[in-house]
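The following exercises are to be worked with the sequence and the structure at hand. Each task is followed by a solution in steps.

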Amino acid sequence: MRAICTLTLVLLFVASCSTAFKLLTNNVNDKEHPKGFGTARHAVIIGIDGFGGEYLRNVSGQLPAIQTFFDYGAFSTKARNIAPTISAPNWAGYLTSMDVTQSGVYSNYWTDVDGNPPGEAGHLPPVSGRGRPQTIFSAIKEQDPSAKTWILYTWNWFTQIAKNNPHVDHWYKCYDPCRPGESAYDCENRQDWDVTRRTVEAIQNDKPTLTFVHFDAVDDAGHHTYWGSDVYYEIVRQKDVQVATILNTLATTKTSSGNSMLDETIVVIIADHGGYRNGHDWTPPFIAEVHVPLLFKGPGIKNVDMDKLDYRDISSLDMPVTVLNALGIEPGKYMRGRVLEEMY
């Protein structure tokens with residue numbers, strides 16, 4: 001009888017331990033990856049230079065393609081960028097999920113050579129190691145060497161990230177020069193259209209895992225007229241048509257599984273900064289410069305206005321880790337943003 005009781009106690013102990021182990025394992029697995037992990041097979045990130053959140057809110061209803069992110073996706077027009085509120089540090093933030101002191105990208109004059117300064121008193125090397133900072137491209141390729149990566153852009157600075165980068169499979173910069181009598185913003189807009197066409201070809205022919213696209217004309221319109229001018233908003237409407245062109249290409253391109261590529265893609269619209277009058281990086285920082293849009297649409301993403309949630313800790317640095325999470329890729333060791341789980 002004692003033996004039977006002892007055996008019963010042992011079995012109960014083993015069962016309870018097994019149950020506890022399963023519960024513990026489940027909890028670990030639940031916490032191992034944030035919501036949305038692995039929900040997408042592709043990502044398209046569209047960057048619109050100079051398109052501040054304050055200015056987007058003024059005309060969102062007039063932009064049919066971008067409006068779909070408000071109607072069906074998760075969005076913020078009050079995400080905060082990083083200081084200084086100029087282009088290169090903020091685009092580097094989107095590419096690396098690091099702020100300026102971590103990426104080392106301190107100004108628009110930063111080059112990849114600055115990432116490997118000759119001495120301690122020179123430029124600031126990135127915390128991820130000398131050279132280029134760790135990027136969203138490197139995180140993807142290091143974990144999935146078969147992934148395909150593209151970056152297409154109008155602003156030449158991105159060449160510092162793209163050229164001779166083993167983690168960028170293909171890059172494209174429009175070098176078509178401005179024409180006699182052509183305004184700077186019309187020239188940039190024409191170049192943006194060229195980048196759009198090349199993006200369409202890349203999606204149709206290569207179906208990249210990650211496609212990063214940069215348009216520059218809105219920023220030029222702000223500088224040469226002023227932020228919020230008629231010219232500024234006319235160029236913004238051109239960006240909406242370009243976004244629509246990319247979305248339509250995703251919708252009509254079939255993946256290897258026979259699905260529309262759009263159904264398997266997280267699409268993001270971002271901007272590096274806004275502006276005030278005809279410039280930015282003023283002191284103190286103005287809301288019109290600091291607030292930037294983060295717009296998401298894709299598999300599993302619900303329709304939510306993230307600006308109406310109880311907290312306001314949404315940062316531009318959150319975008320890259322959120323996209324990586326959707327692709328089933330762990331964030332890089334040095335990335336500082338958080339996954340925006342509230343989208344799912």
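The model is predicted. In the protein chain, 71% of the contacts between residues at least 6 apart in sequence join residues at least 24 apart. The chain contains twelve helices and eight strands, and 53% of its 344 residues count as buried.

**Exercise 1.** Determine whether the end-to-end distance of helix α10 agrees or disagrees with its number of residues.

*Solution.*
1. Helix α10 covers residues 230-252, which gives 23 residues.
2. The expected span is 1.5 Å times one less than the number of residues, and for α10 this comes to 33 Å.
3. The end C-alpha atoms of α10 are 33 Å apart, so the two values agree.
4. The buried residues of this helix include Y232, I235, V236, K239 and D240.

**Exercise 2.** Describe the surroundings of D114, and state which side chain of opposite charge is nearest.

*Solution.*
1. D114 lies in the loop between α5 (100-103) and α6 (136-143).
2. The residue is buried but has no salt bridge. A salt bridge would require a distance within 4 Å, whereas R130, the nearest side chain of opposite charge, is 10 Å away.
3. The side chain of D114 does make a polar contact of 3.1 Å with the side chain of H123.
4. Beyond four places in sequence, D114 is in contact with Y106, Y109, H123 and L124.

**Exercise 3.** Identify which residues touch the most other members of the largest nonpolar core.

*Solution.*
1. This core has 49 residues, and W157 and F296 touch the most other members.
2. Setting aside residues up to four places away in sequence, W157 touches A88, W91, A92, V105, N108 and W110.
3. A second, separate core of 41 residues includes V44, C174, V195 and W227.

How values were computed. Residues numbered from 1 in each chain as written. Predicted model: local features only at pLDDT ≥ 70, side-chain atom pairs only at ≥ 80, totals over all residues. Heavy atoms only, no water. Helix = DSSP H or I, 4+ residues; strand = E, 2+ residues; numbered from the N terminus. Buried < 20%, exposed > 50% of the residue type's maximum accessible area, 1.4 Å probe, protein only. Lys, Arg positive; Asp, Glu negative; His and termini not counted. Polar contact = N/O pair within 3.5 Å; in protein donor to acceptor, adjacent residues only side chain to side chain. Contact = heavy atoms within 4.5 Å. Core = buried A, V, L, I, M, F, W, Y, C linked by side-chain atoms within 4.5 Å.
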